[in-house]
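Grab a pencil and work through these exercises with the structure open beside you. Try each task before you read its solution.

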Amino acid sequence: MAKKRIATVWLCGCSGCHMSFLDLDDRLIDLAAMADVVASPIVDVKDFPKCDIGLVEGGVANEENLEVLLKLRAASDTLVSLGDCAGFGCVPMLRNQFSNQDVLDRAYIDVESTAFGAVPTIEVPQLLPKVKPIHEHVKVDAWIPGCPPSADRIWKAVGALLRGEVADGDTLEYD
Amino acid sequence: MSNVRLSINEREIDCAAGTTILNACKAHDIDVPTLCHFEGLTDVGACRLCIVEIDGMRRPISSCTTPVENGMVVRTHTPRLQTLRRQTLELLFGERNHICPFCPRSGNCELQNRGYEHGVDHVRFDYLFPKLPVDNSHRYIAFDHNRCIMCTRCVRACDEWVGAHTLDVDERGGLSRIIADQNVPLGESSCVSCGTCVTVCPTGALFEKRSAHWHGRSTKEFKETICTGCGVGCRIRATVQLRQVGELHAAGGPDNNRILCEKGRFWLTHPGSARINNVLIRVGGQFEQRDVDEVVQECARRLRSVSIQKDPQRVVALLSGHLPLETLNATQSFMRDVVGSDRWVIADRSNTQSTRAALDIDSGLPPLAGLKELDRADLFVVIGANLERNAGVVASYVRRGVLHRRARLLKINPRHTWLTDWTDVHLESERRRDPMILAAMLKYLIDMGAADAATMPTDLSKKLKRFDDDDISIACGIDATQIKQMAALYAAAEAPMIICGRGLSKHGPTGLIGALNIVRATGNQTADGKWRLMDLALQANTYGARLFEEPGLNMHDFDPHSADIAFLVLGDSQREWPRTWLQKLRAVTYVVAFLTREREDVLAASHAVIPTATWSERGGTYVNLEGRLQVGAPLMQPPSHAVDEIAFFQKLSNEWKAAQDAWDVPPLPAACDGVADGALLSCRDDRDRAVDWTTLRELTEA
Ligand code: SF4
Ligand code: SF4
Ligand code: FES
């Protein structure tokens, strides 16, 4: 069986899902036997090569998130939403109750720990009006909820995808 | 009741007419998913999760609000229903802001569980992201509207069970929201802080603030015990993890009551002061950590002193009525059988001796009403009691009676409390006039022919005839027409209930005797021979302590100048004592306090302090205000520093007495023998008990 190609990406999330992915521990060796990780936050590539499975952590909060998401969607056969931020919006979604200006002011100017703050404008992507789960922007083929999804859960789902199967959803977990 | 036959999922099922389809399913182990249904609350069909298909109906309908009909053909789990349910759930998730990872209910949330069951791994509808507030104003409860699914379980529980009706729904459709009173913050509302809304909320919308910092209800393992808050004796269920007690819930109990009051729900888990972790002995002006044996030896030395040998009554014990019967039993036996002193008392603010005398405890336990009778009453007379503060669950029963059964409420109390606004008649009389008022009420009942005066001495009835409204107004210090009105309402009621608080017995037994007289003379007895009168026991085992031989001490006339040693066995008791008691205590030569937590007033008067187990670490027997025996189990083991009171007294006895006088802790009073957990102790038969006419005589002489 030809080795599958996996790409992972981290959008508006906390990296927890990737940590959980690394928590696969010795199963990473089994994974390496079945698949190549062709792109990920810890692999230094600028553009996504074609891949079988794309794993997305994090929701879409800014223009860059959206651009990266669209690229990975185009590059991957199966796009998987990994974790609650990608699937439900989760914590970043809290900002949707406020205007972007209020959120930025609170974070960069009003925050108690800052004396003379300013909202950064150079070389940072624009915020989108609302943080949204990725399936509100692109077609998603599978979801692995969890905050973060446990390594076992990731292994179960990714393992199934590598074998060309669909893992049953009878053990969902949102937290 | 007629029976109905219908088919559910191709199964023929018989059930009683009037049952809902949902309940018929439940009775036959067909698991229909629900969210707004809660056992014991009226169904409203708010969540649409319990929808079923019925042959001949165009659309699926909610099974929780549809009664069964003969010949119905019902299906509960067709693919179409499952699809609709999943969509409904997705709409619920998308309608507000659910962020499970930091929600205190995650792991034990009904919405979440329904989501799992229906494979909701993402929401296909656009999120609405409404901007909703979190109401943090309440002392114990937080209300996060972001997680509310508008099932209205809280609204219904607050109304139907608690009788407070603090919560309701504002606005309509997508704008609807739960509000308190006229949309004020929960902390400033009429909320009685019973936490029932938190208990019934399926999501993390209503949660206990404390649980934001720890597991709350995330574990599903519950342990059961008895609330030690007051004499009602509610059963409570608690989650326990890592030696921490989580949310406390009502767990059935005396009348399968589903509610607790603020004391049971929150006070037990919000102790006001620090735990005492060491045996302390006063050296000079300071406490020093010492070994418990030093206290035992010091007590033994003092007990051997000439003055106590000559007069054992110089040893006194003040016990908290919140302690289990086992501890009370051992202590009073130690006092009586080892020391030879009958000067022990349940140290609550009630006048123990006057209630004992009025109820004539020496001739057996009186048959008094319990919670169940409250739910059948159509009139309440509340005398000398602040129900809201001292017996919140009783207050709830009264409120829901007034609210839902239109029961009448009469109050005799100088103070204005919340319930006062709900009264039909409120006598704002002076407390010491209570006996007169009750006697006058009995006189009017006799005049109206509602009370039996056959046994009344003739001279008294002659005197009474000459006694008119003006005389009564003078004797009672209050307009007699109000008393007459009360008597008329009482006479007209079918199941009137008199609820007596400690205020009634404060100045002696005649008040309570007067109340009993009314019940007796009007024959207000339940079918099983209980008087329709409730005597509010302030503490969890106030009633249990009545099983012991009458103590020779009453807090009201306790004279400490004649005491050399005082044992204060107080457990968790936190309520500060009146200053007069403390002043008295300071005159006692040696005071040993058994406590769980720091209490400045008691510590200041003590010479030695023994740390003991707290309510959640001890099990034991309790007898509630209707004489129901209940056994609570410890939720966890006591910490190693906690000293067991019974073991202490055993040790002290061994240290003090020679081997031939060795004392063994006696078994519980015989009345408890063979009484099962949850059963009533046997009471005396009061059916032929005569009215005590002296109260009326006192009226004519006043
Ligand atoms: S209420 Fe339930 S579904 Fe909503 S955030 Fe909390 S755990 Fe999740
Ligand atoms: S607060 Fe809880 S119980 Fe009340 S309506 Fe909302 S979800 Fe239901
Ligand atoms: S349980 Fe029937 S509509 Fe909610």
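**Exercise 1. In this predicted model, find which residue forms a salt bridge with Arg235(B), and work out which parts of the chain the pair ties together.**

*Solution.*
Step 1: Look for the partner. Arg235(B) pairs with Asp677(B), and their closest N and O atoms are 2.9 Å apart. That is within the 4 Å cut-off, so the pair counts as a salt bridge.
Step 2: Place both residues. Arg235(B) belongs to strand S12 (residues 235-241) of chain B, while Asp677(B) is in the loop between helix H22 (645-656) and helix H23 (694-701) of chain B, so the contact ties together parts that are 442 residues apart in sequence.
Step 3: Check how covered they are. Arg235(B) has 14% relative accessibility, so it goes down as buried, the cut-off being under 20%. Asp677(B), at 42%, counts as partly exposed.
Step 4: Zoom out. Over all chains, the structure holds 54 salt bridges.

**Exercise 2. Take the salt bridges Glu430(B) with Arg432(B) and Lys484(B) with Asp469(B), and sort the four residues into buried, partly exposed or exposed.**

*Solution.*
Step 1: Start with the Glu430(B) and Arg432(B) pair, whose N to O distance is 3.1 Å. Glu430(B) is at 39% relative accessibility, which makes it partly exposed. Arg432(B) reaches 56%, so it lands in the exposed class, which begins over 50%.
Step 2: Move to Lys484(B) and Asp469(B), with 2.9 Å from N to O. Here Lys484(B) sits in helix H17 (residues 480-492) of chain B and Asp469(B) in helix H16 (residues 469-476) of chain B, 15 residues apart. Lys484(B) has 33% relative accessibility and is partly exposed; Asp469(B), with 27%, is partly exposed too.
Step 3: See how salt bridges can join up. Asp360(B), Arg520(B), Arg684(B), Asp686(B) and Arg689(B) form one network through shared partners.

**Exercise 3. Work out how many disulfides there are over all chains, and why Cys500(B) isn't bonded to another cysteine.**

*Solution.*
Step 1: Recall what you're hunting for: a covalent bond between the sulfur atoms of two cysteines.
Step 2: Count them. A search of the whole structure turns up 0.
Step 3: Test Cys476(B). The nearest cysteine sulfur belongs to Cys500(B), 16 Å away, and Cys476(B) is in no disulfide. Cys476(B) is also buried, with a relative accessible area of 1%.
Step 4: Test Cys500(B). The closest cysteine sulfur is in Cys230(B), but 15 Å is too far for a bond. Cys500(B) is buried as well, at 1% relative accessibility.

**Exercise 4. Split the shell around ligand 1 into nonpolar, polar and charged residues.**

*Solution.*
Step 1: List some neighbours. Among them are Phe93(B), His98(B), Cys100(B), Leu111(B), Arg147(B) and Gly204(B).
Step 2: Tally the whole shell: 6 nonpolar, 5 polar and 1 charged.

**Exercise 5. Find which residues form a nonpolar surface patch with Ile42(A), then say where Leu132(B) sits.**

*Solution.*
Step 1: The patch joins Met19(A), Leu22(A) and Ile42(A), with about 330 Å² of accessible area together.
Step 2: Ile42(A) is in the loop between strand S2 (35-39) and strand S3 (51-57) of chain A, and at 69% relative accessible area it is exposed.
Step 3: Leu132(B) is in the loop between helix H3 (110-117) and strand S6 (134-135) of chain B, and at 16% it counts as buried.
Step 4: Leu132(B) is 35 residues from Asn97(B) in sequence and 8.6 Å from Asn97(B) in space, C-alpha to C-alpha.

Technical notes
Residues numbered from 1 in each chain as written. Chains lettered and ligands numbered in written order. Predicted model: local features only at pLDDT ≥ 70, side-chain atom pairs only at ≥ 80, totals over all residues. Heavy atoms only, no water. Salt bridge = Lys/Arg side-chain N within 4 Å of Asp/Glu carboxyl O. Helix = DSSP H or I, 4+ residues; strand = E, 2+ residues; numbered from the N terminus. Buried < 20%, exposed > 50% of the residue type's maximum accessible area, 1.4 Å probe, protein only. Disulfide = S-S within 2.5 Å. Near = heavy atom within 4 Å. Nonpolar A, V, L, I, M, F, W, Y, C, P; charged D, E, K, R; others polar. Patch = residues over 30% accessible without salt bridge, like charges linked within 9 Å, V, L, I, M, F, W, Y side chains within 5 Å. Areas by Shrake-Rupley, 256 points an atom, 1.4 Å probe, with all protein chains shown as cover.
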